[in-house]
Amino acid sequence: MTSASISRSRPPATGEPAGAAGAASPVLGAAEFNAIAAIMQSDARIHLSEAKTTLVHSRLSRRLREHGLAEFRDYVRLVQSDAEERAAMVVALTTNHTHFFRESHHFDHFRATAMPWLQQRARSAPVRIWSAGCSSGEEVHSIAMCLLGESRQVPGWLRSADLRLLATDIAPHVVESTSRGIYSASTVEPVPASYRDAWMRKMGADYQMAAEARALVTARVLNLFDPWPMRQSYDVIFCRNVMIYFDDRAKAELEARFVELLAPGGYLYIGHSERLIGPAAARMQACGHTIYQKAAT
Ligand SMILES: C[S@@+](CC[C@H](N)C(=O)[O-])C[C@H]1O[C@@H](n2cnc3c(N)ncnc32)[C@H](O)[C@@H]1O
């Protein structure tokens with residue numbers, strides 16, 4: 001898979017990231033990198049190219065230290081025999097970058113087009129929204145604030161609706177953050193003041209999502225490639241900046257499952273650099289940049 005290795009036995013090359021070489025840095029050779037990449041592929045379907053060697057080295061060096069291991073060779077042996085550490089390694093190699101109202105055109109579309117449809121549906125049916133690959137919850141709480149609106153009053157339609165937001169991620173620590181809904185002042189900066197004033201409460205130097213927002217959200221650990229727990233169709237799915245980490249086969253498989261889960265007329269929002277491939281593309285209609293709707297039939 002790769003011929004690259006990051007070694008402690010050579011001086012850092014020009015432009016090489018700090019810490020990639022030097023006396024204290026363990027060796028990440030091609031064999032170890034390939035073994036780690038194979039686990040990521042089989043457990044999370046995350047594709048690690050050779051370009052990720054430095055990232056793997058820096059993220060896992062800490063785990064080596066925690067286990068008192070000097071060599072990646074020993075760490076690979078550990079993850080091959082210890083399921084708990086194997087899961088911890090997968091989590092350590094996920095990228096959890098996110099922010100409130102990321103890709104704001106999705107929220108403009110959600111408010112203007114999806115929400116009127118959801119309000120209509122809520123009169124006679126449960127409404128279900130999924131943030132798949134939710135990271136620390138900024139995405140699902142942005143959706144919640146759109147639904148709650150800009151005044152401190154929960155809108156009447158929402159009070160009487162059976163509406164739930166499901167937020168899932170493979171990484172337990174970010175799922176925990178989603179449940180807590182506590183964010184630093186700098187994290188909250190992208191939130192429009194009207195939403196912040198209505199649905200976030202000051203908590204020391206931080207902010208916590210108001211109880212009304214948290215009450216809408218259920219956060220769970222879920223590997224997207226495991227069986228899904230849902231027993232009913234979903235009206236809206238956000239799966240943004242998650243599929244970029246998967247290979248085409250995994251993307252096509254996942255997208256087909258999303259389309260299957262969506263109710264007719266339901267919406268799928270994907271990340272700015274992503275696109276639908278495989279059978280899902282034929283069953284969904286583009287209705288904005290990286291926004292798709294399932295045919296109403
Ligand atoms: C870059 S974040 C995206 C967060 C948010 N959706 C956004 O767009 O801001 C990607 C998230 O996908 C999660 N993830 C990666 N592989 C996954 C898998 N196989 N199953 C579930 N979640 C996964 C990661 O843990 C990470 O939190």
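Colleague: Where does the largest pocket lie with respect to domain 1 and domain 2?

Modeller: Start with the general idea. A probe the size of a water molecule, rolled over the atoms, shows where empty space is left. Here a pocket is an open set of points on a 1 Å grid over the protein atoms alone, where a 1.4 Å probe fits and protein lies on both sides within 12 Å along at least five of seven lines. Now the case. Domain 1 (1-93) and domain 2 (104-294) both give residues to the lining of the largest pocket, so this pocket lies between them. The domain bounds come from an automatic or database domain assignment.

Colleague: What ground rules apply to the model?

Modeller: It is a predicted model: local features need pLDDT of at least 70, side-chain atom pairs count only at pLDDT 80 or more, and totals for chains, interfaces and linings use all residues. Residues are numbered from 1 along each chain as its sequence is written, and side-chain values use heavy atoms, with hydrogens and water left out.

Colleague: What volume does the largest pocket have, and which residues lie nearest its centre?

Modeller: The volume is about 420 Å³. A volume here is the space filled by probe spheres set on the points, with grid points joined across faces, edges and corners. The lining has 26 residues, meaning residues with an atom within 4 Å of a point. Thr95, Gly133, Asp169, Asn241 and Val242 lie nearest the centre. By class, the lining holds twelve nonpolar, ten polar and four charged residues. Ala, Val, Leu, Ile, Met, Phe, Trp, Tyr, Cys and Pro count as nonpolar; Asp, Glu, Lys and Arg as charged; the others, Gly among them, as polar.

Colleague: Which strand gives the most to the lining of the second largest pocket?

Modeller: Strands are DSSP runs of E, at least two residues; helices are runs of H or I, at least four; both are numbered from the N terminus. E2 gives the most, with four residues. Strand E2 (163-169) and strand E6 (217-221) each supply at least two. This second largest pocket holds about 190 Å³ of space. Its lining has 14 residues, and Leu166, Thr218, Pro229, Met230 and Tyr234 lie nearest the centre. Seven of the lining residues are nonpolar, three polar and four charged.

Colleague: Which residue is the centre of the kink in H2?

Modeller: Read a bend as the angle between axes fitted to the seven residues ending at a residue and the seven starting there. In H2 the kink is about 30°, centred on Leu60. The end-to-end reach of helix H2 (residues 53-66) is 20 Å from first C-alpha to last, close to the 20 Å expected for its 14 residues at 1.5 Å a residue. That expectation is 1.5 Å times one less than the number of residues.

Colleague: Is Thr54 buried or partly exposed?

Modeller: Buried means under 20% relative accessible area, exposed over 50%, partly exposed in between (1.4 Å probe, protein chains only). Thr54, in H2, is partly exposed at 31%. Leu60 is buried, as are Thr53, Val56, His57, Ser61, Arg63 and Leu64.

Colleague: What is the phi of Asn241, and of Thr290?

Modeller: Most residues other than glycine have a negative phi. Asn241 has a positive phi near 60°. It sits in the loop between strand E7 (234-239) and helix H12 (248-261), and is buried at 10%. Thr290 also has a positive phi, about 60°. Its loop runs between strand E9 (284-286) and strand E10 (291-294). Thr290 is buried, at 4%.
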